[in-house]
Amino acid sequence: HHASGVRLISLALSAPFEFHAGQYLNVVHPNGVRIPMSIASAPERLPELELHYRPLPGVAEAVLMNELLEAGTEIKIEGRLGDVHVGGPLNENLLLIAGGSGISQCRAIVEHLRCVEHSGDVTLVWSVTQPDHLYADTELRTFARWLDYQPIVDTPQAKSATLAWLRTNPLPTSGRIVVSGSPGFVHAVVDTLNELGASGITIESDVFSYAPR
């Protein structure tokens, strides 16, 4: 349990499981409900899997996930899921933009890049609504020399601090941008990128598949 309300879950796998950095899985509740969870660890760490989970009040899937964690019994998972993933080392620019607990997908990507001895510059922008929600802040500040980590906290004056950051910082002119977070966050970021003329860049998000507009 982290003070921000996030639970850091470590699973020890009892059967082979393969995935690419950036993909997610489903936790399968005994009643058949699938609970999507981002994988926060790199494939190189298998057979250990790390999941980051924030239980949100009033969300039915959160109630079911809490039941599983409190029971302390075996958890069934299925995957791999998601079209957005990164394999390194890379020869192109990479900008990762995470909103809230969307940082878990980005964390898996940068951990993978560190495992494969990536050396090119990668920028990671993490946007939260409260300072104490930066639960991985200490780790990311010293993660790797090539990682330009930019924590951003919304304020009453800048309720959408990420969009303000995009408008005041130079964007890559080539390469890839991966956006992770809630559908509202992702679509707002993509709209701003398009407004700023982010042409020649591949913009990717799992939101495009499960919550398209």
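The expected span of a helix is 1.5 Å times one less than its number of residues, a handy rule to keep in mind for the views below. The model shown is predicted.

**Figure 1. Helix α5 from end to end.** Helix α5 covers residues 183–195. By the rule of 1.5 Å a residue, its 13 residues should span 18 Å, and the end C-alpha atoms are 18 Å apart, so the two values agree. Just past the helix, look for Gly 197, which follows α5 and has a positive phi, near 80°.

**Figure 2. The buried residues of α5 and their cover.** Here you can pick out Phe 185, Val 186, His 187, Val 189, Val 190, Thr 192 and Leu 193, which are buried in α5. Their cover includes the strands β6 (94–99), β7 (122–128), β9 (175–180) and β10 (201–204). Helices contribute too: α4 (161–168) and α6 (207–210) are part of what covers these buried residues.

**Figure 3. Ser 127 and its neighbours.** Ser 127 sits in strand β7. Buried means under 20% relative accessible area; Ser 127 has 8% relative accessibility, so this residue counts as buried. Leaving aside residues up to four places away in sequence, Ser 127 touches Ala 98, Gly 99, Gly 100, Ile 152, Asp 154, Thr 162 and Phe 185. You have already met Phe 185 among the buried residues of α5.

**Figure 4. Helix α2, mostly covered.** Helix α2 takes in residues 103–115. With 13 residues at 1.5 Å a residue, α2 should span 18 Å; this agrees with its end C-alpha atoms, which are 18 Å apart. Of its 13 residues, 11 are buried. Among them are Ile 103, Ala 108, Ile 109, Val 110 and Leu 113, and you will also find the charged side chains Arg 107 and Glu 111 in the buried set. Beyond the helix comes Glu 117, with a positive phi near 60°.

**Figure 5. Stepping back to the whole chain.** The close-ups belong to a protein chain with six helices and 10 strands. Its radius of gyration is 17 Å, close to the 17 Å given by the globule rule for 213 residues, so the chain is as compact as a globular protein of that length. Of these 213 residues, 47% count as buried. Among contacts between residues at least 6 apart in sequence, 73% join residues at least 24 apart. The exposed area is about 10600 Å², with carbon and sulfur atoms supplying 51% of it. As for charge, there are 14 positive and 23 negative side chains, and the centres of the two sets lie 2 Å apart.

Conventions
Residues are numbered from 1 along each chain as its sequence is written. This is a predicted model: local features need pLDDT of at least 70, side-chain atom pairs count only at pLDDT 80 or more; totals for chains, interfaces and linings use all residues. Side-chain values use heavy atoms; hydrogens and water are left out. Helices (H or I, at least four residues) and strands (E, at least two) are DSSP runs, numbered from the N terminus. Buried means under 20% relative accessible area, exposed over 50%, partly exposed in between (1.4 Å probe, protein chains only). Contact means heavy atoms within 4.5 Å. The radius of gyration is taken over C-alpha atoms; the globule rule is 2.2 Å times the number of residues to the power 0.38. Accessible areas come from the Shrake-Rupley method with a 1.4 Å probe; for residues, only the protein chains shown count as cover. The place of a charge is taken as NZ of Lys, CZ of Arg, CG of Asp or CD of Glu.
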